[in-house]
Amino acid sequence: MELLSGNEAIAQGAWEAGARIGVAYPGTPSTETLEAFAKKDGVYAEWCVNEKVAVEVGIGASAGGARVLSTMKHVGVNVAADPLFTAAYTGVGGGFVVLAADDPGMYSSQNEQDSHYYACAAHIPMLDPADSAEALAFTRDAFELSERFDVPFFIRSSVRVSHTKTPVEVGPRKEIEPAPYESNPAKWVMMPAFAKPRRKVQLERIEALSAWAETCSYNQVVRRGDKAGVVCAGAVSQHVLEGLPDASVFKLGCTWPLPKKALRSFAESVDALYVVEEASRYLTDAVSALGIDVATFPAPLPRDGELSVGLIRAAFGYPKPAHAPAQKDVPGRPPALCPGCPHRLVFKELSRCKAIVTGDIGCYTLGALPPLSAMDTCVDMGASVSMAHGFELALAGREHRPVVAVIGDSTFAHSGLSSLISMVYNKGAGTVCILDNRTTAMTGRQGNPFNGETLQHRPSRELDMEGVLKALGIEDVRTVDPHDARAVRRALKEATSATDTLSVIVFRAPCVLLERHREPAFEVSSQCTACGVCITLGCPAISKDESTGQALIDRDMCIGCGQCAQYCARGFIVQD
Amino acid sequence: MSSNTKTVLLCGVGGQGTILAADLLARAAEESGLDVKVSEIHGMAQRGGAVTTVVRFGDKVQSMIADLGSADCVVSFETTEALRNLPYVKEGGSLFVNDESIKPLPVATGRASMPEHARERLRDAGAMLIPATELARKAGTTKAANVVLLGALSRALGFPTDVWNRVIAARVPEKYLDVNLEAFKLGASFSAE
């Protein structure tokens, strides 16, 4: 037995099934899956620029006969939805399995959308493991099922499946000869003339899948009495099995298509049938649509956030365990930009110039938090650039604060680039800051086109960012060292004062977690006037002495970047 | 049912080594023939945020989440996080706390204050305050404070010492092994006093 996370187990399952190709864009909680897969023998794995591209590479590789794994977080499925919906028409060559990793409770995401709806909407079957052993088995089997039913298969996990380690029995790899490819436009060219017959194929396939779901061994009934029955899936089923010891449980391992007959007969076997799920009402509505009366909980079950044994028991009227009250005076401990983070001064200066800052997805979203508080919006990957353009359109002709988009290098490659092309094409004005820290930092420092590193360390080359920007016809492109406060201030001032042009500033310096380079620490002299300016940088190494108000630098945390010293007007912050 | 399932919640600040401690604990449970689940929330861990990892073990473990009032043991690597997670300790449960405070950013920037009388309140709640960093230094490196805390916790769990020694040896690089074994021992003896 080995203790594997759900993500590691999915990678193992794909490997055991003979998957040869893995494609993804990193995103919590899915990231480690492809990283684990990439380390296995006999596989090719790559980071793609975004999830849509990854799925398209995957469809191509599947058409070419290989078994393919593609992994993404739930919001990545939005990006990949376009090819996925039509891949459910074309079907597959080699088995094609797509991980959709959901984040109920939003530990690391901008929303808690439920990927089950995609399975249902795209007619792509979905398997829902509840622990790592199931994650391995379901993924392994999904490749064969994908080939048998000629359709991609979804594996759906949540943060509690992906990031929970549980015991797993690993097995050997089954070597699969890639299927030969022969041209077949009626299957692969989805123009109307060919798509119409494929739609009929899809409808017949749904029938076949529905029949298979009725006897699918991944759906399990645990009989524990006939009063209450609970339908559930994934991590939630673990809470239900533990928390409601007297309830019979229908644990769904396949959440689309549903085993309609089996669910109806389960419902008939109990006095009251409940559906317990988190983050949406997908299952509740789907079970109700079968004509089953879904009972109301004795007490309300939260509609948002993550469920737990305690929350489920409370909904069924069990008393809550006694515990100490929440300690109200405990200060929050939000994450913060690291000491020496190259993003810090950009946000400090954006806050000084009172810009409307459209933000994006990455570590730098932390620039929204106090004391920097320098972000107005954050919606989705790449939105900073397009939303800045929208702001400029709405504010045109009115006196307004400068509009500045802030986007990281990896996010820029993901989808910011297409937003920027659209902005250039439409003669958009404003300022775009690309925070190029040479890595995809938030998800654990993965490669991307602008640092030229690849997942399996194959030689590649860095995309020339300034070259790309100039080729787009952007005249005002400048490269600035983000550790130099004066240079950052000047660049932002010049760019934002030219109100009718588009300026792009590339702030380039490596993420401090890449090389963990340290210079001697700085310290604050006893002459500190307690002005508090350095505190407003929000560096975790700097704190305010509660009695004197003077600044203090934690020598262990300080990496000697010298950002703060540039803000000490009297020069009282000095290096050892 | 999972009536003999034990729940240990480890909490602290990103970078303090909660994940290694949780991993060692899980392996000790596994070595003892128990089912085990380790649930961690990462992603923001390196950015100094509050982190928690839950380890559950027993004959058959189901849920991977700890509820309020459900943890047999809470091990906190820092006093403020211990107060934050106090409601997770179940009635009659134990609380092991590294006697050390790390100011969160809102406090460091003067927008919030540290909780008053944290140590006294923790003691009143039955916590054992452990000078883990000092004991780790005595063992050879302050970096082994997490293993000191694990040693202190071990007294409440009942896995034999040789199981702990085996899992530490399997997980810790050889040149740090003696230091870590010593750190574990110091934590265990502190807890026994």
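How many bridges join strand E16 of chain A to strand E18 of chain A? Keep that in mind while we walk through this model, which is a predicted one.

**Stop 1: the domains.** Colour chain A by domain. Use residues 2–215 for domain 1, 220–315 for domain 2, 344–515 for domain 3 and 522–575 for domain 4. We'll spend a while in domain 3.

**Stop 2: the sheet.** Select strands E14, E15, E16, E18 and E17 of chain A, and you'll see an open sheet of five strands in just that order, with parallel pairing. Look at the two edges: E14 (356–358) and E17 (476–480) of chain A each have a single partner strand, so one side of each has no neighbour in the sheet. On average, neighbouring strands here are turned by 20° against each other, direction ignored.

**Stop 3: back to the opening question.** Now show just E16 (residues 430–436) and E18 (residues 502–508) of chain A. Seven bridges join these two strands, which run parallel. Pick Asp436(A) and look across to E18(A): its bridge partner is Arg508(A). In general, strands of a sheet pair through backbone hydrogen bonds, either parallel or antiparallel.

**Stop 4: helices on the sheet.** Add helix H15 (residues 383–395) of chain A. H15 lies across E14, E15 and E16 of chain A, running at about 175° to E15(A). Then add helix H18 (residues 485–497) of chain A, which packs on the sheet and touches E15, E16, E17 and E18 of chain A. The direction of H18 makes about 170° with that of E17(A).

**Stop 5: where domain 3 meets domain 4.** Show both domains of chain A together. Their centres, taken over C-alpha atoms, are separated by 28 Å. Eight residues of domain 3 are in contact with ten residues of domain 4. On the domain 3 side, helix H14 (residues 344–352) of chain A gives the largest share, three residues. Sorted by class, that side has five nonpolar, one polar and two charged residues.

**Stop 6: over to chain B.** Bring in the second chain. Here 47 residues of chain A are in contact with 51 residues of chain B. Helix H10 (234–243) of chain A is one of the elements to highlight, as H10(A) supplies the largest share of chain A's side, five residues. That side splits into 26 nonpolar, 14 polar and seven charged residues.

**Last stop: a pairing between chains.** Zoom in on E8(A), which covers 164–168. E8(A) pairs with strand E2 (residues 35–40) of chain B in the antiparallel sense, over two bridges. Click Thr164(A) and you'll find Ser39(B), in E2(B), standing opposite.

Terms used:
Residues are numbered from 1 along each chain as its sequence is written. Chains are lettered from A and ligands numbered from 1 in the order in which they are written. This is a predicted model: local features need pLDDT of at least 70, side-chain atom pairs count only at pLDDT 80 or more; totals for chains, interfaces and linings use all residues. Two residues are in contact if their C-beta atoms, placed from the backbone, lie within 7 Å. Helices (H or I, at least four residues) and strands (E, at least two) are DSSP runs, numbered from the N terminus. Ala, Val, Leu, Ile, Met, Phe, Trp, Tyr, Cys and Pro count as nonpolar, Asp, Glu, Lys and Arg as charged, and the others, Gly among them, as polar. Two strands pair if DSSP finds at least two bridges between them. Domain bounds come from an automatic or database domain assignment. Axes are lines fitted to C-alpha atoms, for helices over the stretch in contact, and angles run from 0 to 180 degrees between N-to-C directions.
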